[in-house]
Amino acid sequence: DLSGGKIKWTRQTQGQICSTAFAADRVVYFGSGDGRLYALDAATGCIRWRVQTAQEIRSALVIGADASGAATRLYFGDITGAVHALDLASRKIRWTIRPEAHAQATITGTLRLFEGRLYVPISSLEVVAAIDPKYACCTFRGAVVALDAETGRIIWKTYTVDETPRVRGTNRD
């Protein structure tokens with residue numbers, strides 16, 4: 001409650017919260033590290049519903065709305081680099097796509113929905129994999145992909161680094 005500067009309610013979850021919360025139509029949505037999507041009543045903090053997904057949810061949730069402005073879909077990315085669209089009425093995953101084949105790809109940045117396209121920043125967990133001296137670092141290029149919000153089809157993808165990775169040297173391992 002910003003008017004009085006006091007906490008209105010709190011809610012404990014089973015998993016660590018790894019995504020930014022988003023509110024629409026008096027519902028607060030967020031994802032957790034154990035792959036659960038939560039919908040809480042914004043006034044009371046009571047759980048309206050929760051859905052178990054396959055992986056840790058790392059990105060902020062993005063709401064898709066119909067022509068009248070009512071929330072109809074949730075879009076989000078997970079730690080494995082997959083992007084998902086959840087139908088709010090059925091609470092079922094409508095589509096899932098992994099737009100980048102690199103094994104270390106992940107989605108941690110916020111997706112952006114605009115005029116029927118979902119823009120997705122793709123980052124990497126390669127910095128963790130590179131701790132292993134036998135890992136053939138560094139091959140991830142970073143990317144942004146535009147998806148059709150209705151189907152998940154890739155419209156275009158551009159890499160942050162234009163050059164295809166190539167071996168430039170080796171370590172003693």
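Here is a short chat about a few residues and nonpolar groups in this predicted model.

Me: Let's start with the inside. Which residues have the most contacts inside the largest nonpolar core?
Reply: That core has 17 residues. Strands β7 (83-87), β8, β11 (117-124) and β12 (143-148) each give two or more residues to it. The residues with the most contacts inside this core are Val-83 and Val-120.

Me: And what residue of strand β8 does Val-83 touch, at the end of residues 92-97?
Reply: Leaving out residues up to four places away in sequence, Val-83 has a list of partners that includes Trp-95, Thr-96, Leu-118 and Leu-147. Strand β8 covers residues 92-97. The partner of Val-83 at position 97 is Ile-97.

Me: Is Ile-97 buried or exposed?
Reply: The cut-off for buried is under 20% relative accessible area. Ile-97 has 18% relative accessibility, so it counts as buried.

Me: How far is Ile-97 from Thr-110, C-alpha to C-alpha?
Reply: Along the chain, these two are 13 residues apart. In space, the C-alpha atoms of Ile-97 and Thr-110 are separated by 16 Å.

Me: Which residues are named for the second core?
Reply: This one is separate from the core around Val-83 and Val-120. It has 15 residues. Those named as part of it are Ala-24, Leu-37, Trp-49 and Leu-61.

Me: Now Thr-53. Is it buried or exposed?
Reply: Thr-53 sits in the loop between β4 (47-52) and β5 (62-65). Leaving aside neighbours within four places in sequence, Thr-53 is in contact with Gly-35, Arg-36, Leu-37 and Phe-76. Its relative accessibility is 12%, and under 20% is the cut-off, so Thr-53 counts as buried.

Me: Which residue's backbone oxygen does the Thr-53 side chain reach at 2.5 Å?
Reply: There are two backbone oxygens to sort out here. The side chain of Thr-53 reaches the one of Gln-55 at 3.4 Å. The backbone oxygen reached at 2.5 Å belongs to Gly-35.

Me: Over to the surface: is Val-127 buried or exposed?
Reply: Val-127 lies in helix α1, which runs over residues 126-129. Exposed takes over 50% relative accessible area. Val-127 comes in at 67%, so it counts as exposed.

Me: What accessible area does the nonpolar patch with Val-127 have?
Reply: In soluble globular proteins, nonpolar side chains tend to be buried together. Here, though, Val-127, Val-128 and Ile-131 form a nonpolar patch on the surface. Together, their accessible area is about 340 Å².

Note on methods: Residues are numbered from 1 along each chain as its sequence is written. This is a predicted model: local features need pLDDT of at least 70, side-chain atom pairs count only at pLDDT 80 or more; totals for chains, interfaces and linings use all residues. Side-chain values use heavy atoms; hydrogens and water are left out. Helices (H or I, at least four residues) and strands (E, at least two) are DSSP runs, numbered from the N terminus. Buried means under 20% relative accessible area, exposed over 50%, partly exposed in between (1.4 Å probe, protein chains only). Patches are made of residues with over 30% relative accessible area and no salt bridge: like charges are joined within 9 Å, nonpolar side chains (Val, Leu, Ile, Met, Phe, Trp, Tyr) within 5 Å. Accessible areas come from the Shrake-Rupley method with a 1.4 Å probe; for residues, only the protein chains shown count as cover. A salt bridge is a side-chain nitrogen of Lys or Arg within 4 Å of a carboxyl oxygen of Asp or Glu. A nonpolar core is a set of buried Ala, Val, Leu, Ile, Met, Phe, Trp, Tyr and Cys residues joined through side-chain atoms within 4.5 Å. Contact means heavy atoms within 4.5 Å. A polar contact is a pair of N or O atoms within 3.5 Å; within protein, one must be able to donate a hydrogen and the other to accept it, and residues adjacent in sequence count only if both atoms are side-chain atoms.
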